[in-house]
Amino acid sequence: MPSVLAGSEEAAIASWLVTPGQTVAVGDPLAEIETEKAVVEYNSEDAGVVGRVLLEPGEAGEIGAPIAVLISEGETDADIDAALGQAPAAAVTGPDSAPDATERDPDGGTPVVEAESLEAAAEEAAPAAPSMPAAASPASEEAPQGDSARLFVSPIARKLAKERGLDPAAITGTGPGGRIVRRDVEDAVVPAGVASGAVPSAAAPAAASAPAAERASVAPETTSPDGVELVPHTAMRKAIARRLTESKSTVPHFYLTAECRVDELLALRARVNETSSVRVSVNDFVLKAVAAAFQAVPEANVTWSDEGMRVHPSVDIAVAVATDGGLVTPVVRGVDARSLSSVSTAVADLAGRAKAKKLKQSELEGGSFSVSNLGMYGTLEFAAILNPPHSGILAVGAATPQPVVVDGELAVATVMRCTLSVDHRAVDGALAARWLAAFQQAVENPLSILV
């Protein structure tokens, strides 16, 4: 399984684009892989014939575990079985192979295993060899001392077994070549008296796989006595929690708020929608105003990195989209060079595919800035959490009639509050204030956006 999303531990096969027996070249599409937030097309890294697919559509696999086997002319199912069942740590080929089978980087590995190379590696690495080859196997196998039989355990399965106090040697593997995978550990019976997270000792009772009826009796309760239901986290929710916790705890945020009068913008939007075939929203005007602010203050269009400041040549803005599974932030490219109708069309397309989980991975990456608009829900004002690695995010509230002072006299105007969250490592306070003033100027003079 390829590493298709930073920090992911597993992904699922959405659909296969090839069938066993089909010849593929380097770069040919093999499968569509569903990540936490998108469906990504994966292309072959090697040439050969598809000998076997190891995961059915809808099935998930750990990052680095094989999903298919490519064979050369003349090789058979026996060669595939030998490759999957006997491959030592040198079995995986590819640039992302990890240096240690037991400490494998979950983001490394290659998803397609070449049967011939696996057999060659198996012959070169004898069990009694003093050191193992550098690359790690897809299953991160272990060989108990004093036992010539290898124990194939995936990294996630090993971690889960440790947390549950299970001995992997007592679990029957159902993965390719008898590999122990996550579902095997989840289906195993936790030994009595072993607390969650305890490390099993040599004296710990052996755990065995249980039939479905027996597993039901030991499954954790999902409803507490007071009626509170426990709903397991989805992969997307875990990703959101991980990234936003990291952002809030490691990125120095500071905040600035501006009140923008939007009467002229609303009137202009109404006139545009009367004559244009593409309906535009207030948020489309906001995106164009953000681009105008970056054109006026280009030094703010940067992001922080440990190596140096990354200066962005174009204005690429991530737009927060609420879906049933959680928040996604697809990126609209080149907003500064797009027309208002083009921005509206791009946002509508990205939002529709985000809700259908049909975004491409490239559409979730890049950019330097985000916009989150909760105004349509009636929220007057809020402060958003930065979306790493972006250096800023604009939180847009509702446009409501409020008393204002015009030329020393009290009047009523439609006011929209916008709060800018900024990464202080990349953008200082004075620079952020200049940017926000430029944004306010663009919003309150919307004709400048269209010129």
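These legends walk through several close-up views of a predicted model.

**View 1. The whole chain, for orientation.** Before zooming in, here's the overall tally: the chain has 11 helices and 18 strands. Of its 451 residues, 45% count as buried. Take the contacts between residues at least 6 apart in sequence, and 64% of them join residues at least 24 apart. On the outside, the chain exposes about 22,100 Å², with carbon and sulfur atoms supplying 54% of that area.

**View 2. An open sheet of 6 strands.** Reading across, the order goes S9-S18-S17-S16-S12-S15, and the pairing is mixed. Strand S9 (253-261) and strand S15 (331-332) sit at the edges, so to speak: each of them pairs on one side only. Helix H8 (residues 282-296) packs on this sheet and touches S12, S16, strand S17 (392-406) and strand S18 (409-423). The direction of H8 makes about 150° with that of S16. Helix H10 (residues 429-444) packs on the sheet too, with S9, S16, S17 and S18 as the strands it touches. Its direction makes about 25° with that of S9.

**View 3. The parallel pairings of S16.** Strand S12 (residues 317-319) pairs with strand S16 (residues 369-373) in the parallel sense, over 3 bridges. Look for valine 319, which stands opposite valine 371 in S16. S16 also runs parallel to S17, and 5 bridges join those two strands. Here the pair to pick out is phenylalanine 369 and, opposite it, glycine 392 in S17.

**View 4. The hairpin of S17 and S18.** These two strands run antiparallel, joined by 13 bridges. Partway along, threonine 400 faces valine 415 in S18, the two standing opposite each other. The hairpin has 2 residues between its strands. If you like checking backbone torsions, go to aspartate 407: it takes a positive phi near 55°.

**View 5. Helix H10 and its buried side.** First, a quick length check: at 1.5 Å a residue, the 16 residues of H10 should span 22 Å, and the end C-alpha atoms are indeed 22 Å apart, so the two values agree. The buried residues are Leu431, Ala432, Trp435, Leu436, Ala438, Phe439, Ala442 and Val443. They cover an arc of only 160° around the axis, which puts them on the same side of H10. Ala430 and Gln441, on the other side of the helix, are exposed. The spacing follows from a general rule: an α-helix has 3.6 residues a turn, so residues three or four places apart point the same way.

**View 6. Helix H6, with its buried and exposed faces.** The same arithmetic works for H6 (residues 235-250): its 16 residues should span 22 Å at 1.5 Å a residue, and the end C-alpha atoms are 22 Å apart, which agrees. Buried here are Met236, Ala239, Ile240 and Ser247. These residues cover an arc of only 100° around the axis, which puts them on the same side of H6. What do they pack against? The partners are S9 and strand S14 (327-328). Turn to the face pointing away from the buried side and you'll find the exposed residues Thr245, Ser249 and Thr250.

Key: Residues are numbered from 1 along each chain as its sequence is written. This is a predicted model: local features need pLDDT of at least 70, side-chain atom pairs count only at pLDDT 80 or more; totals for chains, interfaces and linings use all residues. Side-chain values use heavy atoms; hydrogens and water are left out. Two strands pair if DSSP finds at least two bridges between them. Helices (H or I, at least four residues) and strands (E, at least two) are DSSP runs, numbered from the N terminus. Contact means heavy atoms within 4.5 Å. Axes are lines fitted to C-alpha atoms, for helices over the stretch in contact, and angles run from 0 to 180 degrees between N-to-C directions. The expected span of a helix is 1.5 Å times one less than its number of residues. Buried means under 20% relative accessible area, exposed over 50%, partly exposed in between (1.4 Å probe, protein chains only). The arc is that of the directions from the helix axis to the C-beta atoms. Accessible areas come from the Shrake-Rupley method with a 1.4 Å probe; for residues, only the protein chains shown count as cover.
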